[in-house]
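Please find below a colleague's note on one strand and its surroundings. The sequence and the structure are shown first.

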There are 2 protein chains.
Amino acid sequence: MFYDRDPWKEQSMKSRTSLKDVAREAGVSTATISRHLNGSLDLPEPTRMRIEAAVSKLRYHPNPHARRLSLGKSDTIALILPDIANPFFAKLAAAIEKAAERHSSMVLLHATFNKSDREMAALERAAQNQVDGVIFITNRAPEAKVARALNDFARAVILDEDVPGGKVPRVLCDNGLGGVLAGQHLRAAGHRHVAYFGGGADLHSTQTRLEGLRSGLAQNGEPAYEPTLFVGDHSPTSGRILAEEFLRNADQETAIFSGSDELTVGILEVFHERKIKVPDDFSLISFDDARSLHLFAPAITSVRQPVDQLGERAVEILFSDAWDQPDFKALTERMPVELVERSSVAMPANKKKRPEKQL
Amino acid sequence: MFYDRDPWKEQSMKSRTSLKDVAREAGVSTATISRHLNGSLDLPEPTRMRIEAAVSKLRYHPNPHARRLSLGKSDTIALILPDIANPFFAKLAAAIEKAAERHSSMVLLHATFNKSDREMAALERAAQNQVDGVIFITNRAPEAKVARALNDFARAVILDEDVPGGKVPRVLCDNGLGGVLAGQHLRAAGHRHVAYFGGGADLHSTQTRLEGLRSGLAQNGEPAYEPTLFVGDHSPTSGRILAEEFLRNADQETAIFSGSDELTVGILEVFHERKIKVPDDFSLISFDDARSLHLFAPAITSVRQPVDQLGERAVEILFSDAWDQPDFKALTERMPVELVERSSVAMPANKKKRPEKQL
């Protein structure tokens, strides 16, 4: 422990006013005040006003930890996410904080950097803190123990990326639709061979988007060429590595569907350095649309996640009255995505004519 | 209150194991266990191990609210900031969360959207929650009551923007240096008439950067033309409004020094729409460098704030051992900034020759 003394001894007079002082001032019992402040007692208006006046005059603040003990409520929710510095998660956190406030609840932040031990530690700490609920966001496919820890909470919601085995409500974006929209848009521009850059082959988001991409690229019952898969994690560094790998191995691919703005940043950094032009050399579609892609060179076409609605829904579900209904924990909500067209998709560069592989 | 029942009644067996059960299992008194778990008692190794084994076997979690009552410690700090969705604050929050973790402390998030009443409410709530400390970030020049509320805390740190009247330590970036670097760079490229876009004429950051800008634009003792001031708040919307105002009123200005990436986004949106070219028509320097400005069209030259160090220092100061030293609360740390040169500054467009105003 880093404190060599109790900092609250020095605190302003606020913390020194006791319930007894307020009771004396208001002329009622401490029990009456305590139950009134807890919201567990309805008092006649004059008594209520006498108490409020005494509280205000003496600047009394109930000790929140004592109150929590008696109410079994912490007025906080735990937000467990990979990295708040990631603009998509920052926007999600902002929406969650705003929505939580409507329930008088504060947000405790836990960054996991997508590491298993940190996810477990955050869940453990949330349990110790007896938060009113947990919103869990990961960027990887977590082990069964993560799902088990989540399932132990009275109230927890999985947000954005699925956690297999989690028996709690989920709020995801419609990843399948995102894949379909990207596939249809690329197909319409003349692309047949597309690479998908994603955060892991075992991720629910990767699998669902790939499925959508296949279906979007297919037309008139005619099957599509299987998208090439490049996987790492959702970071600019990973985007750089995958872009280098793509440039070494790309054969017939004329377009990239990038699974996140973070990957897109890394891809564009490599392309800029190597004077590879988007969309002249390769077309590119991003996913998230949480960065200022409209100002990029070129402006990047992207599947847009409904980030505010995702955050709001997760909080609404956490504070829902329906938790005792039989199938509530099996709830999965998929929020629609949209394609924002900008300038990073064009007809494939026809110069480099190469024989197409047989399907 | 939104709960119609106590959610923790349904909680896993964790919360049902009591201190008594552990005491019985370990064969020691509850007081011994309690003091051991509080860290206030050193026990012989075998006793300690017996207790740990009992805690582990029974999956006992001490009630954190009870523990906080007895220790006067909450293991949380309050982070009060304008908006976590702003990439600069998101990065700052990430650095703060990481540093707080080294002190076993969690971060409670409060977004104020730069509103006076929300800043006061967040401070009030932090006092009620008896957090171990407060990190306060604003984007405006707050009223005296905000400073007074901050001064009431045993431990609070002002971060990023000054709060006049605050008698607590401050961690700021070197705004003056930022102004000097921008001024020198623009002067070297041939600019004399520069507009500063900022978050308010009364802001410490605006005043200090303007002072630096003047000094950077001046040379050989010869005074500089007074920079033109365009002020709003640090948001893309404000950047758009100020850019329109600038285009209506710009007379001899050939360059813009933008006080934040948020303003820069708004400026560039308007310029793109109106086909105004950076740097051909106007040169532009941003401040923060927290967005992916290197991928913008054009890549934007920017003063870079040391965002990780700013966050780390604020936390280190909060948990410092020096709070009882006489002048500790008067501490102001200014972290150096640097100029990152990219492609948004060039020689002024000489086509539009207009007579220069007299100084």
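The numbered points below concern strand 6 of chain A and the sheet that contains it.

1. This is a predicted model, in which local features need pLDDT of at least 70, side-chain atom pairs count only at pLDDT 80 or more, and totals for chains, interfaces and linings use all residues. Residues are numbered from 1 along each chain as its sequence is written, chains are lettered from A and ligands numbered from 1 in the order in which they are written, and side-chain values use heavy atoms, with hydrogens and water left out.

2. Strand 6 of chain A covers residues 194–198, and five of its five residues are buried (under 20% relative accessible area, 1.4 Å probe, protein chains only). Strands are DSSP runs of E of at least two residues, and helices are runs of H or I of at least four, numbered from the N terminus. Val194(A), Tyr196(A) and Gly198(A) point one way, while Ala195(A) and Phe197(A) point the other way. In a regular strand, side chains alternate between the two faces of the sheet.

3. Strand 6 of chain A pairs in the parallel sense with strand 8 (residues 255–258) of chain A over four bridges; two strands pair if DSSP finds at least two bridges between them. Here Val194(A) has Ala255(A) as its bridge partner.

4. Strand 7 (residues 228–231) of chain A also pairs with strand 6 of chain A in the parallel sense, over four bridges. Gly198(A) is bridged to Val231(A), and Ala195(A) to Thr228(A).

5. The open sheet has six strands in the order 7-6-8-9-10-12 (chain A), with mixed pairing. Strand 7 and strand 12 (338–340) of chain A each have a single partner strand, so one side of each lacks a neighbour in the sheet.

Methods: Buried means under 20% relative accessible area, exposed over 50%, partly exposed in between (1.4 Å probe, protein chains only).
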